[in-house]
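Biologist: I am new to this structure and would be grateful for an introduction. May we begin by viewing it?

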Amino acid sequence: MNAETAPPHTPFEALGGKPVIEQIVNRFYDLMDSDPAYAELRAMHAPDLAPMRRSLAGWLTAWAGGPNDWFEQNPGKCVMSAHRGLGVTKATARQWINAMGRAIAAAELENQMLANELENRLTMMAAAMTRD
Ligand code: HEM
């Protein structure tokens, strides 16, 4: 088995690496920025979404087993704790999950089980961030 036929070792590789993660993240913030269904969620974010695009892509990359840069650049930072003071409600968490589900679907991943798993795990995390 050579490097080209070997199965991927991490979810990051199985997803398609950095280009696919960036595609999902960019679609997610494009949707948040343009669809009025996410207005409440959008209003929680800074006007410039560019730093968020970089940060979420970096976090997802490291979380999925890819390069660890986000954790090295944010020593000791926990994404769950970082959301504690943001006032995440069930309604805004639903908007986050809905936009993320659409962004993952738009990436048309070959591995549908992996796409479902990604969405399920993020859904569980977002639900655990709610404060109402
Ligand atoms: C699994 C779910 C989620 C993940 C992985 C995630 C990830 C992130 C990351 C990596 C950041 C940037 C942190 C930084 O660089 O300091 C961030 C910021 C933020 N997140 Fe989330 N997030 C999630 C769910 C949510 C939900 C459900 C909401 C709101 C309903 C939300 C609202 C925000 C806001 C308002 C910011 C700060 C934005 C800003 O300063 O412009 N997030 N999130």
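**The ligand and its surroundings**

Modeller: The ligand is surrounded by 20 residues (each with a heavy atom within 4 Å of the ligand), and the closest are Ala46, Ser55, Lys77, His83 and Trp96. This is a predicted model in which local features need pLDDT of at least 70 and side-chain atom pairs pLDDT 80 or more, while totals for chains, interfaces and linings use all residues. Residues are numbered from 1 along each chain as its sequence is written, and side-chain values use heavy atoms, without hydrogens and water.

Biologist: Which helix gives the most to the shell around the ligand?

Modeller: Helices here are DSSP runs (H or I, at least four residues), numbered from the N terminus. Helix H3 (39-44), helix H4 (50-63), helix H7 (90-106) and helix H8 (112-128) each supply at least two residues of the shell. The one that gives the most, with four residues, is H4.

Biologist: Which residue is the single protein donor to the iron atom of the ligand?

Modeller: Donors are N, O and S atoms within 2.8 Å of the metal (3.2 Å for Na, K and Ca); water is not among the atoms, so sites may look incomplete. The donor residue lies in the loop between helix H6 (79-82) and H7. Its NE2 atom is 2.0 Å from the iron, and the residue is His83.

Biologist: How far is a polar side-chain atom of Lys77 from an oxygen atom of the ligand?

Modeller: A polar contact is a pair of N or O atoms within 3.5 Å. A polar backbone atom of Ala46 is 2.9 Å from a ligand oxygen. For the side chain of Lys77, the distance to an oxygen atom of the ligand is 2.5 Å.

Methods
A polar contact is a pair of N or O atoms within 3.5 Å; within protein, one must be able to donate a hydrogen and the other to accept it, and residues adjacent in sequence count only if both atoms are side-chain atoms.
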